[in-house]
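Thanks for coming, everyone. I'll take a few minutes on one structure. Have a look at it first, then we'll walk through it.

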Amino acid sequence: MASPMSALLFLALVSGLLVYRWANHRRRSGGLPYPPGPKGDPIIGNLRQLPDGKKQPLHITYKEWSKKYGDVFSIESFGNRVVVLNSAHATNELLEKRGNIYSDRNPGVIRRLSTNHHFPGMDYDEEFRTYRKVVNAAFNPSAVKDYGIIQEEETYETLEHLLDSPEKWFLHMRRSAGSVILRVTYDHKVRALDDHLVEINEAAIPNNLRAVTPTAFVVNFVPWLQYMPDWFPGTAYRPFVKEVLDGHMRIRDTPWVELKERMAKGAIKPCYASRLLEMKGQITGSDDEEYVIKASAGVMYGAAVDTTLGTMASFILAMLLYPECQKKLQAELDSVVGTNRLPTFADEDHLPYLRYCVLETLRWNPVAPLGLSHAASQDDVYEGMFIPKGSIMVANQWAILHDENMYPDPMKFWPERWDGRFPQARDARLYAFGFNRRMCPGRHLAYRSVLIMAANIVSSFTLVPDEKSPLPANVSLGTGQTFKCNFVVRSPERAALIRSTAASLDASD
Ligand code: HEM
């Protein structure tokens, strides 16, 4: 049993901590309150109220809370504050207009220890800016057009796989998304999912996600634990960090060694890595540009595959739930492309309904509904509320993309909303791909991957629900999130067209 003395000591410690926090807040905030939120307990703050996302997805809970506390609210635990932004106005004012102070990543110890040259985890510092310069040089809107041929070829190959084993549609699309990004990055073609580069990348993804989850480790809440010896409780994270860093090394080094060998033999087609290397240090003007290219290339598979795949699965779900949209899209494709060839990027400008369907997919079911959180690099004041340095900034992208003022009848998949009838509707890509200096650098490539795959699937097949398996209401990001449905080829002539196109690809391989 605790002695009266230790109980007194404990009380004194807790009171001291509370007084210190109160005084510190007063000094830095000038007496302004934090953004409002659910009432928490002393020290542990909102730990007991934190939703675990099992009963309902977090973005829905946050949208509900925003009705009660306002579109900018906050929760706090052990002194770590999370500010949740639920409106376009708030993300615009903070993440966009004040992007210079809202572009760090979460201040968790594990995130920092496991970032080491893995730029999505870096704070917004000089090193990060160098990485983004390199990546932007290769993935800007005009540069990604050069990769259109890869996206078309991978799509046509996927059509043939869908003819052969439609029940494995999700795996075929996973292979395709992996092959697009590995060909774009290293000119590495993926023939099957046991490809060695796919395997090392897939192995790294769960660890990377865990490393950036602020609540995954006690040391993120109690940072001084990082200075304690290995036997001390709360320090068992160390082997995990080593595993993350080893994984980064593998996804960086293995493809790079292969790329350099093939480049030396002249056996490589132009790709992200080879094109950037040809610029010979001109992008950053620094001696270690090659390392930046190599390390930036290493993150691409992990960032590209689940997101693109999830968006494609959302599109397929929308076509199944809204067959009238599927019919309308088929009619547009038939009138523009005809039946004697498959859609290409050259058709894009003549297919407005296709573009509306892709935009609507990104809006209706954004695969990263809460995006990737940012953090405040200094104290700030917004509309009379104090946002302390180190606050984790979560943008509820789903809430913004379902704001009825911009998108009337928001739960409905309604591609026509993009035909200009709602001038207040801002382009879904402005939210679905994140914000400002951290906005997804692969967005132009991703949009085109989804567009060309969507066009070809609907042109070649009719998507029909599986009678025995109910469809989910939405698709969330993550491995294996799939559902059953039928891909019914639209005619024997279309099947023959798919076969002959795929055969011509094999011949040119
Ligand atoms: C439809 C597919 C995709 C979606 C919905 C998506 C969405 C996002 C989002 C929401 C972020 C976080 C932005 C922020 O912090 O504000 C992000 C970051 C990122 N994305 Fe994408 N993405 C997609 C595809 C891709 C592709 C194809 C690539 C690579 C070619 C890619 C590369 C990245 C990278 C490297 C980051 C980290 C950027 C940084 O930390 O500065 N993404 N993406």
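Start with the shell around the ligand. By class, 17 of its residues are nonpolar, seven are polar and one is charged. Keep in mind that this is a predicted model. In total, 25 residues surround the ligand. The closest are Ala303, Thr307, Gly434, Cys440 and Gly442. Which elements give two or more residues to this shell? Helix 14 and helix 19, residues 443-460, do. Helix 14 gives the most, with six residues.

Now pick out Cys440. We just met Cys440 among the residues closest to the ligand. There is also a record for this position. In UniProt, an unreviewed entry has the annotation "binding site" covering Cys440. Where is Cys440 found? Look at the loop between helix 18, residues 429-432, and helix 19. Is Cys440 buried or exposed? Buried, because Cys440 has 22 C-beta neighbours inside 10 Å, and the cut-off for buried is 20 or more. Leave aside neighbours within four places in sequence, and Cys440 is in contact with Phe433 and Gly434. Gly434 is also on the list of residues closest to the ligand.

Next, the core. The largest nonpolar core has 113 residues. Six of them touch the most other members: Leu85, Ile181, Val358, Met393, Val450 and Ala454. Which helix gives the most to this core? Helix 14 again, residues 300-321, with 12 residues. Take Leu85 as one case. Not counting residues up to four places away in sequence, Leu85 touches Val72, Ala90, Thr91 and Leu94. Leu85 also touches Met393, Val394, Ala395 and Asn396. There is a second, separate core too. That one has nine residues, including Ala211, Phe217, Val219 and Val244.

Last stop, Ile101. Find the loop between helix 3, residues 88-96, and helix 4, residues 109-113. Ile101 lies there. Why does Ile101 count as partly exposed? Because 18 other C-beta atoms lie within 10 Å of Ile101, and partly exposed means a count between the 12 or fewer of exposed and the 20 or more of buried. Now look across to Asp379. In sequence, Ile101 and Asp379 are 278 residues apart. In space, they are 8.9 Å apart, C-alpha to C-alpha. What is Ile101 in contact with, leaving aside its neighbours within four places in sequence? Ala376, Ser377, Gln378 and Asp380.

That's the tour. Happy to take questions.

How values were computed: Residues are numbered from 1 along each chain as its sequence is written. This is a predicted model: local features need pLDDT of at least 70, side-chain atom pairs count only at pLDDT 80 or more; totals for chains, interfaces and linings use all residues. A nonpolar core is a set of buried Ala, Val, Leu, Ile, Met, Phe, Trp, Tyr and Cys residues joined through C-beta atoms within 7 Å. Helices (H or I, at least four residues) and strands (E, at least two) are DSSP runs, numbered from the N terminus. Two residues are in contact if their C-beta atoms, placed from the backbone, lie within 7 Å. A residue is near a molecule or strand if its C-beta atom, placed from the backbone, lies within 6 Å of it. Ala, Val, Leu, Ile, Met, Phe, Trp, Tyr, Cys and Pro count as nonpolar, Asp, Glu, Lys and Arg as charged, and the others, Gly among them, as polar. UniProt positions are given in the numbering used here, feature names are shortened, and annotations may be inferred rather than shown by experiment.
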